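Me: I would like to go through some side-chain contacts and surface features of this model. Please reason briefly and finish each reply on the value or name asked for.

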Amino acid sequence: MSEHLVALAGNPNVGKSTVFNALTGLRQHTGNWAGKTVGGAEGRFSHGGLDIVLEDIPGTYSLGMGSGEENSAGDFLCFGGAEAAVVVCDASCLERNLGLALRVIEAVPKTMVCVNLMDEAESRGIAVDLGKLGELLGVPVVGMAARSGRGLDDMKNELCALIRAEDCECKAAAELPEILEAAVAELAGLLPETPVSARTAALKLLSGDVGFAEKAGLSELPEVDAVRERLLAEGFGAERIIDETAAAVMRRAGEITAETVRESRSSDLRDRRLDNIFLSRRFGIPVMVVLLGIILWLTIVGANYPSQLLGKGLFALGGVMSDGMKAAGAPGWLEGVLIQGIYRTLAWVVSVMLPPMAIFFPLFTLLEDAGYLPRAAFELDGCFRCANACGKQAITMAMGFGCNACGVTGCRIIDSPRERLIAILTNSFVPCNGRFPTLIAVITMFFVTAGGMASSLLSSLVLLGIIMLGVAVTLIVSKLLSVTVLRGEPSSFTLELPPYRKPQFLKVLVRSVLDRTVFVLGRACTAAAPCGLVIWLLANVSPGGISLLERFSGGLSPFGELMGLDGVILLAFLLGFPANEIVMPVIIMGYLSGSRLTELSELTQLRELLTDNGWTVRTAVCMMLFTLFHFPCATTCLTVKKETGSVKWTVVSFMLPAIIGVVLCTGVNFLMKICI
């Protein structure tokens, strides 16, 4: 039985990925901001005797020559080989969604429209006449509430009927000016067979879409030049054709909406009231800072005990494994490499990373699922525009709190190559999940002396201040880059503010654990395992009776003292390049002159060890600064190389925060020596 390829299209935030998940059973992450789904996802399902391959193409507002999402979606609809398309619309904002639907209907004659979020629209007093909508569009229309599965079977039945139908006629999206309409019809009749409707192909050629012309093999047709010259003589250049087409489509979308949508009462009163708070000039940013502070406080309070319990369990298991290897007669060096080196490093990384990630990611995802994150990006857009950067960088920066590598990957949502590169180079200026434990430990030991709830609250406030410093430096460095090596003006972008929605707690929990926590933890463990081997070798290879760990730390001491640190701390950061989580364990091992990573169960023990080795408040301040500003981890560097395709920019991303960290630490160390 042959498979039928169907494209799933739609604007961002219409529940397209939820529809995809409901049909295919796959778990596809849904993001509440434009361009979250940058690449397509593929799934399969069977219904009515047909095997259907569903391609979830990027969410976009148009199929023109614009953003990466538009190009990717347009390319798949034109050249992806789909025999049918499904356009998902939001019932509560149908007019805006119909612009894309009309374009797709014109390009792919076998198209159906899925009006999703019917339940939300009804709760807001919005009624959609689906029968009338289908009549005006000339294609099958079904209503759905994909989250609850309502209308899913109807959609499958209509889709199977559409696939089985004979070839459908192309339906004009909207009526263009008479001269332009005549030229499009003339050129459509002259074109050879095209991968999309002849009308769409003609409009793309007249609009100057060079990419489409080359891919369709239509770049050297004298007929196109002749028609284009006649239009130009009438004042219809490529830019005007694009504007006229867009205006006609949106005009038609408005006419259809006026005939099919009824609102019985104010449908957005609740959203407006909330936006008066979250988007207020007076309260917007303070509320955002408070929400971040609450997330940090919950993470600190909630992760402390589970982290200790998990660490004790994993290290106890390591002891059992070590005893087992010794009982089996394994060589000492083999037990040392596998257990004392690799396993103990992995155990530390897991015990330190897993609990805070398991709390931070779900909380962060709840804000995303509720529709708040795009509003946070809107609030910070002005700050980033002042830095000649893109407001979407606020989203990628926020992603960096969980993992800088994920934040770098998320920079794909930024269309401008210049602004995308700025976002990539500055993403590591905010602390990732691997740096939080070190920051929290130093704050608790040296700056917060109260106990209980007061301690966790004060720790959260100090940590929030450190994060705000990272954000400030991100803006400053973005501005410096934009006026020097990456000059340019900030670009505009469309950021849709979705309606506030009740988060799906169970799905958020599963998605954040599987898609983020496990993924990031697995990548960290992959980097930490070989690092554990290197650390064990450095601690146990002792030429002349002095371990390599001591020799290297001694060589770095002059540089460390200049920065208010010492050689052991600098060596720990270098050895922590594969995973930031192991910086503190290496420091402990270096001070104890041990041959393996060591765990101190109480912060009082750790503080005593640090102060015995010369730590002061000045050391703690410089330690926090360098933890915040130092070279990104190996995973992030590899991700930068993959995203930029450039060794040069990867080196810059490595050196830039390290240089800033060295300069700041040296300056603060000098000032504190004078003042204290």
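Me: Which residue forms a salt bridge with E135, with the closest N and O atoms 4.0 Å apart?
Reply: This is a predicted model. E135 lies in helix α5 (residues 130-137), and its partner is three residues apart from it in that helix, so about one helical turn separates the pair. E135 is exposed, with a relative accessible area of 57%, while the partner counts as partly exposed at 26%. The residue that forms the salt bridge with E135 is K132.

Me: How far apart are the closest N and O atoms in the salt bridge of E259 with K132?
Reply: This pair links distant parts of the chain, 127 residues apart, with E259 in helix α11 (residues 238-260) and K132 in helix α5. E259 is partly exposed, with a relative accessible area of 38%. The closest N and O atoms of E259 and K132 are apart by 3.9 Å.

Me: Which helix holds R230, the salt-bridge partner of E186?
Reply: The closest N and O atoms of E186 and R230 are 2.4 Å apart. Both residues are partly exposed, E186 at 35% relative accessibility and R230 at 43%. E186 lies in helix α7 (residues 178-190), so the salt bridge ties together parts that are 44 residues apart in sequence. R230 itself lies in helix α10 (residues 222-233).

Me: How many salt bridges does the count come to?
Reply: The pairs of E135 with K132, E259 with K132 and E186 with R230 are among them. Elsewhere, E3, E42 and R44 are joined into one network by salt bridges that share partners. The count of salt bridges comes to twelve.

Me: How many disulfides does the count come to?
Reply: A disulfide needs two cysteine sulfur atoms within 2.5 Å. The sulfur of C89 is too far for a bond, because the closest cysteine sulfur, in C114, is 8.0 Å away. C93 is in no disulfide either, its nearest cysteine sulfur being that of C89 at 8.8 Å. The count of disulfides comes to zero.

Me: Is C89 buried or exposed?
Reply: A residue counts as buried under 20% relative accessible area. C93, at 15%, is buried. C89 has a relative accessible area of 0%, so C89 is buried.

Me: What is the area of the nonpolar surface patch that includes M655?
Reply: M655 is placed in helix α28 (residues 647-675). M655 is partly exposed, with a relative accessible area of 37%, and a patch residue needs over 30%. Together with V647, V651, I659 and V663, M655 makes a nonpolar patch of about 440 Å².

Notes
Residues are numbered from 1 along each chain as its sequence is written. This is a predicted model: local features need pLDDT of at least 70, side-chain atom pairs count only at pLDDT 80 or more; totals for chains, interfaces and linings use all residues. Side-chain values use heavy atoms; hydrogens and water are left out. Patches are made of residues with over 30% relative accessible area and no salt bridge: like charges are joined within 9 Å, nonpolar side chains (Val, Leu, Ile, Met, Phe, Trp, Tyr) within 5 Å. Accessible areas come from the Shrake-Rupley method with a 1.4 Å probe; for residues, only the protein chains shown count as cover. A salt bridge is a side-chain nitrogen of Lys or Arg within 4 Å of a carboxyl oxygen of Asp or Glu. Helices (H or I, at least four residues) and strands (E, at least two) are DSSP runs, numbered from the N terminus. Buried means under 20% relative accessible area, exposed over 50%, partly exposed in between (1.4 Å probe, protein chains only).
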